[in-house]
Amino acid sequence: EVRDLTGPKPGQQFRINRHGYRGPDFEWEKPAGVTRVIVYGGSTVFDIDGREGEDWPHLIERNLQERGVSAVEVINAGVPGHAACESVGRFFAEGHLLRPDIVVLYNQWNDLKQFRKTGSLLRTLKPYRKDEDLRYAYRNRLDRALCRTSQLYVRLLARFLNRSTPAGDEGRTTRELQDTFGPQGPDQYRLSVATFVDAASNGGAAPIMLRQARLAAP
């Protein structure tokens with residue numbers, strides 16, 4: 001099933017194909033003679049600011065085709081909020097079955113966010129529960145009734161929640177800045193990247209590592 005997801009900007013929509021990836025549909029079995037590339041990462045790979053068909057992984061595909069490399073296919077496997085460890089999981093659990101020739105890992109920013117945490121990755125990651133997000137869950141019957149009947153209430157409530165519960169497209173955020181961290185975060189990131197390279201190689205794909213084009217500080 002092909003779905004259109006509404007983006008954060010008015011009138012913005014994202015096309016999610018029947019396999020659950022952003023962009024046009026593709027055949028699960030790689031066509032003969034085609035070089036298949038899968039790009040993994042977070043929101044910068046998903047490219048929430050790119051209009052449909054103009055997210056940068058698909059612009060690479062178009063650019064290569066315009067240069068005469070017609071038998072190439074690029075799959076956008078970005079998921080907003082994902083760090084390197086989650087990209088490892090996506091390739092290990094499914095990506096290798098798509099028989100890619102090249103896999104790209106484009107990340108760092110979401111991994112840096114985890115450096116300030118002192119626990120292990122197992123104790124850090126928690127499943128997202130929609131009923132715990134007040135932007136999507138009704139608090140009581142009165143809240144439900146007002147949300148269904150008053151646009152003024154909805155707009156005022158949204159403004160209040162955005163101020164009191166800072167959250168963006170990747171979940172809850174914090175305004176605390178920190179320039180020191182322990183060894184756990186870098187150790188986990190180092191292992192995640194090394195594991196991604198090994199998994200790609202064992203799956204028959206050539207791994208390409210790209211540092212994210214974004215500064216961690218001004």
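In the predicted model, Tyr 106 touches residues from several stretches of the chain. Leaving aside residues up to four places away in sequence, its contacts are Tyr 40, Gly 41, Gly 42, Thr 44, Val 45, Trp 56, Leu 210, Arg 211, Gln 212 and Ala 213. Tyr 106 belongs to strand E5. Its relative accessibility is 12%, so it counts as buried, the cut-off being under 20%. The side chain of Tyr 106 reaches the backbone nitrogen of Ala 213 at 3.0 Å. Arg 211 illustrates the distance in sequence that is bridged here. Tyr 106 and Arg 211 are 105 residues apart in sequence, yet their C-alpha atoms lie 6.0 Å apart in space.

The protein chain as a whole shows many such long-range pairings. Of its contacts between residues at least 6 apart in sequence, 65% join residues at least 24 apart. The chain contains eight helices and eight strands. It has 218 residues, of which 33% are buried. The exposed surface comes to about 14300 Å², and carbon and sulfur atoms supply 53% of that area.

The largest nonpolar core comprises 19 residues. Ile 38, Tyr 40, Phe 91, Val 103 and Phe 196 have the most contacts inside it. Five elements give two or more residues each to this core: E3, E4, H3, E5 and H8. H8 gives the most, with five residues. Phe 196 has contacts with Tyr 40, Ser 87, Val 88, Phe 91, Val 103, Val 104, Leu 105 and Met 209, again leaving out residues up to four places away in sequence. A second core, separate from the largest, has seven residues. Val 45, Val 74, Val 104 and Tyr 106 are among them. In soluble globular proteins, nonpolar side chains tend to be buried together.

Helix H8 spans residues 184-202. Its 19 residues reach 26 Å from first C-alpha to last, close to the 27 Å expected at 1.5 Å a residue. The buried residues of H8 are Gly 185, Pro 186, Tyr 189, Ser 192, Val 193, Phe 196, Ala 199 and Ala 200. They cover an arc of only 165 degrees around the axis, and therefore lie on the same side of H8. An α-helix has 3.6 residues a turn, so residues three or four places apart point the same way. The buried residues of H8 pack against E3, H3, E5, H4 and E8. The face turned away from the buried side carries the exposed residues Arg 190, Leu 191 and Asn 202. Gly 204 follows H8 and has a positive phi, near 85 degrees.

Two acidic residues are buried, and each makes a side-chain polar contact. Glu 73 lies in strand E4. It is buried, with a relative accessible area of 15%. Its side chain makes a polar contact of 2.6 Å with the side chain of Arg 36. Not counting residues up to four places away in sequence, Glu 73 touches Phe 26, Val 34, Thr 35, Arg 36, Val 37 and Glu 61. Asp 143 lies in helix H6, which covers residues 141-149. Its relative accessible area is 4%, so Asp 143 is buried. A polar contact of 2.6 Å joins its side chain to that of Tyr 153. With the same residues along the sequence left out, Asp 143 touches Ala 137, Tyr 138, Tyr 153 and Leu 157.

Positive phi values also occur at residues other than glycine. Arg 99 has phi near 55 degrees. This residue sits in the loop between helix H3 (84-93) and strand E5 (102-107). Arg 99 is partly exposed, at a relative accessible area of 46%. Gln 108 has phi near 140 degrees. It lies in the loop between E5 and helix H4 (109-113). Gln 108 is partly exposed as well, with a relative accessible area of 26%.

Methods. Residues are numbered from 1 along each chain as its sequence is written. This is a predicted model: local features need pLDDT of at least 70, side-chain atom pairs count only at pLDDT 80 or more; totals for chains, interfaces and linings use all residues. Side-chain values use heavy atoms; hydrogens and water are left out. Helices (H or I, at least four residues) and strands (E, at least two) are DSSP runs, numbered from the N terminus. Buried means under 20% relative accessible area, exposed over 50%, partly exposed in between (1.4 Å probe, protein chains only). Contact means heavy atoms within 4.5 Å. Accessible areas come from the Shrake-Rupley method with a 1.4 Å probe; for residues, only the protein chains shown count as cover. A polar contact is a pair of N or O atoms within 3.5 Å; within protein, one must be able to donate a hydrogen and the other to accept it, and residues adjacent in sequence count only if both atoms are side-chain atoms. The expected span of a helix is 1.5 Å times one less than its number of residues. The arc is that of the directions from the helix axis to the C-beta atoms. A nonpolar core is a set of buried Ala, Val, Leu, Ile, Met, Phe, Trp, Tyr and Cys residues joined through side-chain atoms within 4.5 Å.
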